[in-house]
Amino acid sequence: MAVSLIDFGIQEALQQLGIELHNKGTSTGSTWYSSEEEITSFSPVDGKLIAEVESTSIDDYEKVIETAAEAYKLWRVQPAPLRGDIVRQFGEALRKLKEPLGKLVSYEMGKSYQEGLGEVQEMIDICDFAVGLSRQLHGFTMHSERPGHRMYEQYHPLGIVGIISAFNFPVAVWAWNTALAWICGDVCVWKPSEKTPLCGIACQHIIAKVLRDNQLPEGISCLINGNYKVGEMMTTDKRIPLISATGSTRMGKIVAATVGQRLGKSLLELGGNNAIIVTPDADIKMTVIGAVFGAVGTAGQRCTSTRRLIIHEDVYDAVKNAVVDAYKQLKIGNPLDENNHVGPLIDTDAVNGYKNALQKVVDQGGNIIVEGGVLSGDGYESGCYVKPAIAEANNSFEIVQHETFAPVLYLLKYSGSVENAIDIQNGVAQGLSSAIMTNNLREAELFLSHVGSDCGIANVNIGTSGAEIGGAFGGEKETGGGRESGSDAWKVYMRRQTNTINYTTELPLAQGIKFDL
Ligand code: NAD
């Protein structure tokens, strides 16, 4: 594995994370396998090759699954609070390594250092949440219709949980899944995005040490690397009862069909097309902060990024002018430099997607009011830095209906009541995050009601991006319907069992059925 050197302490961060030249691409904790095929990781920050990581072969995959299955036998019989203590130790290790891991996330994925640290903080938060949860994996009890009978529900672990993750949250999404799956008694096999394999290796180092220190088997946490072909090994594998897949709707449709074919369970966290409704009663200052951060944060590469601003005609010009003014202040550049607001896109394919979107919005009748463009020259050598753009558009445009994973914001005008804005907001195939900016209680409550937003996340006077781990996270429609993280999302990592116990000497049948012998 080759590691390039840049400023901002990346080399030191890699050393702190234990990433050295001998690391391979597939791991069951501390045993690393090697193979012929490689995937390459280029930093979008400076365009340098960071690492060549070996892709998991079919033979190695078999070894990983066997190791995971073996580890499961031991892990599932540990009391849940003890499993929680391992997750607590993992959270402690993350606290110590927050800075180097945040830095690696920033360098390999391209988000700002602050957001890289924020992502590691989310990992720590979900560990804390999971530790408490490890003492609360509760089921209901019900009253039986039969005398002398007791009835209740309990939850058991599923087995091996397969996690397929996207490039834009290269470490947090794994932690949301794995921290909960572990306390539930499952073991995990993770395939990170082929665009951010080093982040996966760094996380694997951290958990492998925790497992070793506790004399626990390596297979509790396994890492496999590679592109969609390695993902397919998991989705077709009957030994993996649950596949949690985060990524594009295109990928989710294939994964859902493949896992459904074998009647496995899938947890899908897919693309969004998120909107903020701005009503005449909105606080314009708050609206601008929420909209600009939502649209340009992580260079528009969050699943919850704001893509559409649906503005009432009475405040349209005021909001438009304020947002355009705010865009003039944006600094674009190296995300490890805290003075910059906008970093690079993940790669040049993403840059092409951005350019195509801007061309399409013009072709379809839109009006670009903040010009986009690809930056070149000093500091922009990777070719991945683009200018956040704004276009006035119509919700019916094909390009507006589509999630472009880049900083392109569409302004859509509505007139009349808030119901019209809600219709526009809901008038897309995706259903992840939504928001309304208003000081009008009636509008806010209508937006949150069953005839309001159809998204998994609906906010009032907050933007669309950024979510706390305490709530269940996920979206409806083409976003896939999955829920991760807080609330009762843990239930998806377990199988439910209903138990009825007869403590009498009679055997009455349910529904009063008689079966006399
Ligand atoms: P992607 O769909 O290209 O890849 C995601 C992962 O799926 C990668 O690990 C990839 O190797 C794997 N994959 C692709 N095809 C597969 C197949 N046929 N079988 C098995 N695995 C396969 O997505 P991306 O470009 O990495 O990420 C961006 C997308 O992810 C955006 O659409 C974004 O909205 C979405 N996303 C959603 C959430 C959410 O919580 N809803 C969170 C983060 C990202």
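Hi everyone, one definition before we start: Ala, Val, Leu, Ile, Met, Phe, Trp, Tyr, Cys and Pro count as nonpolar, Asp, Glu, Lys and Arg as charged, and the others, Gly among them, as polar. By that scheme, the shell around the ligand divides into 13 nonpolar, ten polar and six charged residues.

Please keep in mind that this is a predicted model, where local features need pLDDT of at least 70, side-chain atom pairs count only at pLDDT 80 or more, and totals for chains, interfaces and linings use all residues. Numbering runs from 1 along each chain as its sequence is written, and side-chain values use heavy atoms, with hydrogens and water left out.

How confident is the predictor? The mean pLDDT of the chain is 94, and 95% of its residues reach 70 or more; pLDDT is the predictor's confidence in each residue, from 0 to 100.

Now, the ligand. It is surrounded by 29 residues, each with a heavy atom within 4 Å of it. Among the closest are Ser 165, Glu 194 and Leu 270.

Which residues make polar contacts, meaning pairs of N or O atoms within 3.5 Å? Ser 248 places a polar side-chain atom 2.6 Å from a ligand oxygen, and a polar side-chain atom of Glu 403 also lies 2.6 Å from an oxygen of the ligand. From Phe 167, a polar backbone atom is 3.1 Å from a ligand oxygen. Taken alone, the ligand exposes 860 Å², and the protein buries 92% of that (Shrake-Rupley accessible areas, 1.4 Å probe).

Finally, domain 1 (10-269 + 487-496) and domain 2 (274-472) each give the shell at least three residues, with bounds from an automatic or database domain assignment.

How values were computed
Polar contact = N/O pair within 3.5 Å; in protein donor to acceptor, adjacent residues only side chain to side chain.
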